[in-house]
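Let's walk through this model together, one piece at a time. Please keep the sequence and the structure side by side as you read.

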Amino acid sequence: MLTEAVAQVGAILILVKPENREKIPYFMGIQRVRYRRPVHPGDIVEIEAIVQRLRSRMGVLRGIARVEGKSVLEGTMTFALGPRHPGDAA
């Protein structure tokens, strides 16, 4: 669930750019994801996503999730940007 939450925050970050608003980000893969400690019900998770590279159709982001300032997840995710409507050109 933490990995998905980081991916969702990254997608929001990418879609904020006006040129990407009509695109859909597709999760392509994860690299070097490390789960540092457990997260328990009631914990407040702060998620940080940093776009490391963004080309016209592909990108990489680094995500960190923290509870009480301590890292609970760190990793790198790859994504692709596709057209919102299947018939549109990418």
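How many bridges join strand 2 to strand 3? There are nine, and the two strands run antiparallel. Since this is a predicted model, you are looking at computed geometry throughout. Along this pairing you can find E46, which stands opposite R66 in strand 3.

Now step back to the whole sheet. It is open, with four strands in the order 1-4-3-2 and antiparallel pairing. Strand 1 and strand 2 are at the edges with a single partner strand each, so one side of each has no neighbour in the sheet. On average, neighbouring strands are turned by 25 degrees against each other, direction ignored.

Helix 1 packs on this sheet, where it touches strand 1, strand 2, strand 3 and strand 4. The direction of helix 1 makes about 55 degrees with that of strand 2. Helix 1 covers residues 2–15, and its 14 residues reach 20 Å from first C-alpha to last, close to the 20 Å expected at 1.5 Å a residue. Its buried residues are L2, T3, V6, A7, G10, A11 and I14. What covers them includes strand 1 (23–35), strand 2 (45–54), strand 3 (58–67) and strand 4 (70–83).

Finally, have a look at the loop between helix 1 and strand 1, where N20 has its place. Is N20 buried or exposed? Its relative accessible area is 4%, which is under the 20% cut-off, so N20 counts as buried. Leaving aside residues up to four places away in sequence, N20 touches I14, L15, L54 and L81. The N20 side chain also reaches the backbone oxygen of I14, at 3.2 Å.

Methods:
Residues are numbered from 1 along each chain as its sequence is written. This is a predicted model: local features need pLDDT of at least 70, side-chain atom pairs count only at pLDDT 80 or more; totals for chains, interfaces and linings use all residues. Side-chain values use heavy atoms; hydrogens and water are left out. The expected span of a helix is 1.5 Å times one less than its number of residues. Buried means under 20% relative accessible area, exposed over 50%, partly exposed in between (1.4 Å probe, protein chains only). Contact means heavy atoms within 4.5 Å. Two strands pair if DSSP finds at least two bridges between them. Axes are lines fitted to C-alpha atoms, for helices over the stretch in contact, and angles run from 0 to 180 degrees between N-to-C directions. A polar contact is a pair of N or O atoms within 3.5 Å; within protein, one must be able to donate a hydrogen and the other to accept it, and residues adjacent in sequence count only if both atoms are side-chain atoms.
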